[in-house]
Amino acid sequence: MDHRVCPEAVAALERGHLIDAIRLVRADTGLGLAEAKSLVERYQRGEIDAGASDADASERHRASSPAHGLPSAAAAALARGRVIEAIKIVRRVEGIDLKAAKQRVDEARARMSGKGATGIGFAGPAERRRPFALVFVLVAVLCLAWYVLLT
């Protein structure tokens with residue numbers, strides 16, 4: 001299979017971040033460490049071009065669509081359920097701070113899941129109170145039953 005270096009990895013190389021470029025290529029292509037390193041080094045020597053083959057281009061276009069607005073490697077990590085990895089990739093590729101990267105990934109998760117701002121795995125204030133209210137009612141009923149039995 002003809003693998004190419006993704007644009008995010010090219011941007012990382014331009015900033016002088018070789019290790020980040022290798023990580024991005026691994027996330028984008030699924031290659032092992034040695035293969036991704038070799039691919040990045042071949043790109044640096046000018047032996048291969050950046051970009052995607054036709055088969056990879058459609059997948060990358062889907063992964064970087066405006067529906068979630070994340071770099072393709074971050075979208076791939078998010079699709080695998082690796083939120084922290086997606087946040088790290090967004091930070092590296094876009095050069096933004098942790099808070100902004102987390103917000104971008106959370107917004108993408110909300111858009112991808114079709115839910116509101118809380119997204120998957122996040123409990124809003126009302127959802128957090130439900131277990132406490134249930135325990136409170138259960139304890140009150142038990143106390144009342146114990147009182148009734150003792151009198």
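In this tour, two residues are in contact when heavy atoms of theirs lie within 4.5 Å of each other. The structure is a predicted model.

**Stop 1: V105**

Select V105 and display its neighbours. Leaving out residues up to four places away in sequence, V105 touches L70, L78, V83, A86, I87 and V90. V105 also belongs to the largest nonpolar core, which has 29 residues. Now add V5, A9, L24, V25, L70 and I89 to the selection: together with V105, these are the core members that touch the most other members. Colour the helices next, since α1, α2, α3, α5, α6 and α7 (98-113) each give at least two residues to this core.

**Stop 2: the whole chain**

Zoom out and switch to a cartoon view. The protein has eight helices and zero strands, and its pattern along the sequence reads α-α-α-α-α-α-α-α. Colour by accessibility: 31% of the 151 residues count as buried. Taking the contacts between residues at least 6 apart in sequence, 43% of them join residues at least 24 apart.

**Stop 3: helix α2**

Select residues 18-29, which form helix α2. This helix has twelve residues, and the distance from its first C-alpha to its last is 16 Å, close to the 16 Å expected at 1.5 Å a residue. Show the side chains of D20, A21, I22, L24, V25 and A27, which are buried. Which helices do the buried residues of α2 pack against? Display α1 (7-14), α3 (33-44), α5 (72-79) and α6 (83-94), and the packing partners are in view. Two of the buried residues, L24 and V25, were already selected at the first stop as members of the largest nonpolar core. Step just past the end of α2 to G30, where phi is positive, about 80 degrees.

**Stop 4: the D20 pair**

Stay on α2 and select D20 and R23. Their side chains form a salt bridge, with 3.6 Å from N to O. Both residues are in helix α2, three residues apart, which is about one turn of the helix. Are D20 and R23 buried or partly exposed? With buried meaning under 20% relative accessible area, D20 at 13% counts as buried, while R23 at 45% counts as partly exposed.

**Stop 5: helix α3**

Move to residues 33-44, which are α3. The twelve residues of α3 should span 16 Å at 1.5 Å a residue, and the end C-alpha atoms are 16 Å apart, in agreement. Select A36, L39 and V40, the buried residues of this helix. Turn the view to look down the axis of α3: its buried residues fall within an arc of 95 degrees, so they line one face of the helix. The elements that cover these buried residues include α1 and α2. Just beyond α3, select G46, which has a positive phi of about 85 degrees.

**Stop 6: the K37 pair**

Return to α3 and select K37 and E41. The side chains of K37 and E41 meet in a salt bridge, 2.5 Å from N to O. K37 and E41 are separated by about one helical turn because they are four residues apart in helix α3. K37, at 38% relative accessibility, counts as partly exposed, and E41, at 27%, also counts as partly exposed.

**Stop 7: E94 and R104**

Select E94 and R104. The closest N and O atoms of their salt bridge are 2.3 Å apart. This pair links distant parts of the chain, with E94 in helix α6 and R104 in helix α7, ten residues apart. E94 is partly exposed, with a relative accessible area of 32%, and R104 counts as partly exposed at 24%. Now add R92 to the pair from the fourth stop: salt bridges with shared partners join D20, R23 and R92 into one network. Across the structure there are seven salt bridges.

**Stop 8: two cysteines**

Finish by selecting C6 and C143. How many disulfides does a search of the whole structure find? The search finds zero. C6 is buried, with a relative accessible area of 1%, whereas C143 is partly exposed, at 44%.

Key:
Residues are numbered from 1 along each chain as its sequence is written. This is a predicted model: local features need pLDDT of at least 70, side-chain atom pairs count only at pLDDT 80 or more; totals for chains, interfaces and linings use all residues. Side-chain values use heavy atoms; hydrogens and water are left out. The expected span of a helix is 1.5 Å times one less than its number of residues. Buried means under 20% relative accessible area, exposed over 50%, partly exposed in between (1.4 Å probe, protein chains only). A disulfide is a pair of cysteine sulfur atoms within 2.5 Å. A nonpolar core is a set of buried Ala, Val, Leu, Ile, Met, Phe, Trp, Tyr and Cys residues joined through side-chain atoms within 4.5 Å. A salt bridge is a side-chain nitrogen of Lys or Arg within 4 Å of a carboxyl oxygen of Asp or Glu. The arc is that of the directions from the helix axis to the C-beta atoms.
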